[in-house]
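Visitor: I'm new to reading structures. Please pick a single part of this one and take me through it slowly.

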Amino acid sequence: MATPKPETLAAFEAAKGFMPVREGLALYEAAAAAGALGLPLLEVGTYCGRSTILLADAAREAGVSAITVDHHRGSEEQQPGWEYHDPTVVDPEVGLMDTLPTFRRTLHKAGLEEHVIAIVGRSPQVAAAWGGKLGFVFIDGGHTDEHAIGDYEGWAPHVAEGGTLVIHDVFPDPADGGQAPYRIYLRALASGAFEEISVTDSLRVLRRTGPGI
C-alpha cells in the first residue's frame, strides 16, 4: 500500500479543509497507483489545497503533474450563512470568497508548488477546453445535482482506459449527506464503463474498464 511521506501527511493534516485522514490515505493510494499510467492526475474542487497536497506528492513520485480545478469562490455550502462558511477566506475588497491565496500558501508550505498546475475556472468550461487523457480524476466539487453531473459529464470522458475515477462525499443514506455525488457514483457503475475498486467511508474509487460514461 502506497503511503504519503510523513511530512506530506503532516502538511495535509495542517491544511484547511474537510477530508478526514482515512479518506486521504485512500485517495493517496489510488492516485499513486494511477500514476503508473504516466498521465496527469486531476481533481475538481481545490478549496484550500488539503487534498491537493496528497495528489501532488503522488504526482511527484510518478513523474507526472497534479492538476486542480476550482473557481475559488466557494461552493454553495461555503457561502455566508451556510454550515461550511469560513469568513477568513473572504476577500474583504470584493466581499466574495477567495480561497486561491490560502491554497497557494498551503502548497508553498508543503514544498509542492512545482508539481501542481492550478486552473482557476468553472469545471464544465475547463473540461470543455481540455484535450488530453487523464490517468486519474477526483470529483470533489459542488454538491448540487447541477454541479456533480457537470463534473461527471465534463471529466469522466477524459479518464483513460485503466484510469481511475474517484468520487468524494458519496452517502447512500440521505441522513448522512447530500445525494448528488451518490447519484453520479451510481451512474458510473450503471454505465458499465467503470468498476469499483475500493470504498473508504464516503470515498469511492472506480477504474475504467470500457468506453462511455
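**A close look at the sheet**

Guide: Let's start with one pair of residues: D70 has V120 in strand 3 as its bridge partner. What you see is a predicted model, in which local features need pLDDT of at least 70 and side-chain atom pairs count only at pLDDT 80 or more, while totals for chains, interfaces and linings use all residues. Residues are numbered from 1 along each chain as its sequence is written, and side-chain values use heavy atoms, with hydrogens and water left out.

A word on names: strands (E, at least two residues) and helices (H or I, at least four) are DSSP runs, numbered from the N terminus. Two strands pair if DSSP finds at least two bridges between them.

Now step back from D70. Strand 2 (residues 66–70) and strand 3 run parallel and are joined by five bridges. They belong to an open sheet of seven strands, ordered 3-2-1-4-5-7-6, and its pairing is mixed. At the edges stand strand 3 (116–120) and strand 6 (194–200); each has a single partner strand, so one side of each is left without a neighbour in the sheet. On average, neighbouring strands of this sheet are turned by 20° against each other, direction ignored. Such angles are taken between lines fitted to C-alpha atoms, for helices over the stretch in contact, and run from 0 to 180 degrees between N-to-C directions.

Next, look at strand 4 (134–139). Towards strand 1, the pairing is parallel, with four bridges, and L42 has V137 in strand 4 as its partner. Towards strand 5 (residues 159–167), strand 4 again pairs in the parallel sense, over five bridges. There, F138 stands opposite V166 in strand 5. Six of the six residues of strand 4 are buried, so this strand is largely enclosed by the rest of the structure. Buried means under 20% relative accessible area, with exposed over 50% and partly exposed in between (1.4 Å probe, protein chains only).

Here is a handy rule to keep in mind as you look. In a regular strand the side chains alternate between the two faces of the sheet.

What lies across these strands? Helix 3 (residues 50–62) lies across strand 1 (41–44), strand 2, strand 3 and strand 4, running at about 170° to strand 1.

One last stop takes us back to the edge strand 6. A26, in helix 2, touches T200 and L203, leaving aside residues up to four places away in sequence; contact means heavy atoms within 4.5 Å. A26 counts as buried because its relative accessibility is 12%.
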